[in-house]
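This briefing concerns helix packing, a buried arginine site and backbone geometry. Please consult the sequence and the model alongside the text.

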Amino acid sequence: MEAVKADKDFICSFPTDLSQDCLNAIIRDDIGFNKLPNNQLHKIRNTLTANDEFIYVMKIKAKELWELVIEMAWENAEPGIAFKDRVINYSPESVYELFIPIACNPCGEQWLNAYDSCRLFALNLYSFVLNPFTENSSIDLDKLYQIAYTQQVLADDLIDLELERVQAIIDKIESDPEPENVKQRELDLWKNVYEVCKAGRRTGCGITALGDMLAAMNAKYDSKYGMEIIEKVMKTKMEAELDATIDLAILRGTFEGWDKTLEFVSNDYDGLVGTNSFYQMLWDNFQKQTGRMVKYGRRNISFSTIAPTGTVSLMTQTSSGCEPVFKAFY
């Protein structure tokens with residue numbers, strides 16, 4: 001994106017986890033950045049390692065690719081874009097080696113580690129509007145807090161139900177008459193799913209009908225007033241989720257491997273410092289909850305997400321997810 005803003009060339013590479021300094025050094029040592037023609041794939045020996053490794057590079061005009069992406073997104077709704085380094089830096093689970101996100105579903109709302117899944121819930125935000133479509137409309141923040149708290153507890157309960165069903169699958173496979181070598185791969189898969197689910201207890205408490213909520217408040221989706229409403233609603237939701245997952249940790253125990261030193265370091269002058277952007281955001285905006293979390297831990301490795309809720313919104317007959325209404329009729 002920096003190359004797009006500056007209208008510069010950019011090097012795409014595989015493997016994708018090479019640092020920019022490493023990539024620049026390899027290119028300089030071999031054929032040089034300026035000698036690379038645009039849009040041609042090159043195979044280059046990685047001279048910085050002792051092994052006979054190769055990398056593949058292609059120089060592109062960043063803005064040209066960006067414009068193509070925008071054109072295709074408008075025409076086909078594809079491709080979607082996710083910046084993995086941003087994802088890693090803004091994820092509560094990324095400071096734990098076992099739970100580092102590696103991939104996401106096509107909608108992109110939830111990045112997961114291997115064998116993990118997410119239990120998605122959604123609050124219908126329109127239902128928290130008092131006196132909708134009147135001059136006296138307002139958000140019932142107390143009710144929102146109460147239901148968001150309950151949603152987080154229910155999401156954690158769902159994990160135990162899921163574990164019961166996965167265990168039933170494992171028991172069934174183990175009792176099947178097929179030879180061990182035939183069913184071992186499937187058995188290993190479900191055992192891994194069980195262990196990761198049990199260890200992280202990941203939940204994804206989200207929303208739907210944000211567009212309808214704003215409409216009921218006579219607020220334009222992109223207005224300052226609309227942004228102020230969204231800020232209050234999402235902050236209340238996060239406070240409730242944090243309180244719930246911390247209270248659940250006190251009652252039921254933390255997720256496996258919880259370690260406050262991986263999430264925060266102490267600063268004698270300014271309190272706590274987050275070890276990534278997510279934890280710093282928590283300390284900057286939710287100091288009461290963060291202080292409790294450092295003391296007691298939390299029940300769920302991750303707890304909040306916003307999925308598209310396309311099918312859910314058909315059932316609730318509302319706008320979907322956090323999106324505005326693009327067309328009233330199709």
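How are α10 and α11 oriented to each other? They are oblique, because their angle falls in none of the other classes (under 35 degrees roughly parallel, over 145 roughly antiparallel, 65 to 115 roughly perpendicular, the rest oblique). The model is predicted, so local features need pLDDT of at least 70 and side-chain atom pairs pLDDT 80 or more, while totals for chains, interfaces and linings use all residues. Residues are numbered from 1 along each chain as its sequence is written, and side-chain values use heavy atoms, with hydrogens and water left out. Helices (H or I, at least four residues) and strands (E, at least two) are DSSP runs, numbered from the N terminus.

**Helix α10 and its surroundings**
- In α10 (residues 277-285), the buried residues (under 20% relative accessible area, 1.4 Å probe, protein chains only) are Phe278, Tyr279, Met281, Leu282 and Trp283.
- Their cover includes α4, α8, α9, β10, β11 and α11.
- Where α10 starts, the backbone nitrogen of Phe278 has a side-chain oxygen of Asn276 within 3.1 Å.
- The axes of α10 and α11 (lines fitted to C-alpha atoms over the stretch in contact, with angles from 0 to 180 degrees between N-to-C directions) are 6 Å apart, at an angle of about 120°.
- Tyr279, Leu282, Trp283 and Asn285 of α10 meet Gln287, Thr290 and Met293 of α11 in this contact (heavy atoms within 4.5 Å).

**Helices α5 and α8**
- Helix α5 (residues 141-175) and helix α8 (residues 224-252) have axes that come within 8 Å and cross at roughly 45°.
- These two helices are therefore oblique to each other.

**Arg119**
- Arg119 lies in strand β6 (residues 119-124) and is buried, at 4% relative accessibility.
- Its side chain makes a polar contact of 3.0 Å with that of Ser117 (a pair of N or O atoms within 3.5 Å, one able to donate a hydrogen and the other to accept it; residues adjacent in sequence count only if both atoms are side-chain atoms).
- Leaving aside residues up to four places away in sequence, Arg119 touches residues including Leu158, Glu162, Arg201 and Arg202.

**Positive phi angles**
- Most residues other than glycine have a negative phi.
- Asn39, however, has a positive phi of about 65°; this residue sits in the loop between α2 and β2.
- Asn39 is exposed (over 50% relative accessible area), at 52%.
- Phe133 likewise has a positive phi, of about 60°, and belongs to the loop between β7 and β8.
- Phe133 counts as exposed, at 57% relative accessibility.
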